[in-house]
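I opened this entry to note how the strands are paired, where the nonpolar residues gather, and how much of the chain is covered. The sequence and the model come first.

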Amino acid sequence: MAAIHLSFFILLLPLAFPSAFSYETNPQPKKTQVVIEGMVYCQSCDNYGSWSLSKAKPIASAKVSVICKNQRGQVSYYKASETDGNGYFFSELQGFEMSHLLLDHPLQSCVVKLVESPLEGCNVLSNINYGLYGSPLRYENKRFYRKDYDVVIYAAGPLAFRPAHCDAPTNHY
């Protein structure tokens, strides 16, 4: 009688603890979602000609582009993104794929460029943090772990437009 209860108990164990008795032979690797974030500002005329963002104001609805190139220098991914009301952009790279783990990695292959400012008084592209030619990405140890996938966040910038016309600085002696 005890043998019947023991064998019945052994049969029920996998039902009670399915993760402990997983029979999956080919577990699927977790997918990784790549995200790029950053800020876009209007540079103050006080700092014209420098990379300083002192007194800069965030630009809502500014447009930036994320461009990734493969190891042959060909564009492998492109996405335009828009900043929120605080000048912040958070761009999920849906469909981004790497054919080479090192050379096609976002830190190596992707940059962010300024595209357009909605402000008439601040719509000239600047090269602050290489916004004209492509701001390189950096990894700031931001990562989220989800059940079926991980999210890795890379940062760009901060980037800035500048006013078209700034008054010449006055020197007081």
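I began with strand E3 (residues 63–69), which is joined to E4 by seven bridges and runs antiparallel to it; strands here are DSSP runs (E, at least two residues), helices are likewise DSSP runs (H or I, at least four residues), and both are numbered from the N terminus. Two strands are taken as paired if DSSP finds at least two bridges between them. Within this pair I found cysteine 68 opposite tyrosine 77 of E4.

Before going further I noted that this is a predicted model, in which local features need pLDDT of at least 70 and side-chain atom pairs count only at pLDDT 80 or more, while totals for chains, interfaces and linings use all residues. Residues are numbered from 1 along each chain as its sequence is written, and side-chain values use heavy atoms, with hydrogens and water left out.

I then followed the sheet outward: it is open, has four strands in the order E4-E3-E6-E8, and its pairing is antiparallel. Strand E4 (75–82) and strand E8 (135–136) are at the edges with a single partner strand each, so one side of each has no neighbour in the sheet.

Next I looked up the largest nonpolar core (buried Ala, Val, Leu, Ile, Met, Phe, Trp, Tyr and Cys residues joined through side-chain atoms within 4.5 Å), which has 23 residues, and in which Ile36, Val40 and Val112 touch the most other members. At least two residues of this core come from each of E1 (31–42), E3, E6, E10 (149–155) and E11 (159–162), and E1 gives the most, with four. For valine 40, leaving aside residues up to four places away in sequence, I listed contacts (heavy atoms within 4.5 Å) that include Ile59, Val64, Phe89, Leu114 and Phe161.

On the surface I located a nonpolar patch of about 300 Å², made by Val75, Tyr78 and Val115. Patch residues have over 30% relative accessible area and no salt bridge (a side-chain nitrogen of Lys or Arg within 4 Å of a carboxyl oxygen of Asp or Glu), with like charges joined within 9 Å and nonpolar side chains (Val, Leu, Ile, Met, Phe, Trp, Tyr) within 5 Å. Valine 115 lies in strand E6 (residues 110–116), and its 41% relative accessibility is why I entered valine 115 as partly exposed, the class between buried (under 20%) and exposed (over 50%), with a 1.4 Å probe and protein chains only.

Last, I recorded that 32% of the 173 residues count as buried.

Conventions: Accessible areas come from the Shrake-Rupley method with a 1.4 Å probe; for residues, only the protein chains shown count as cover.
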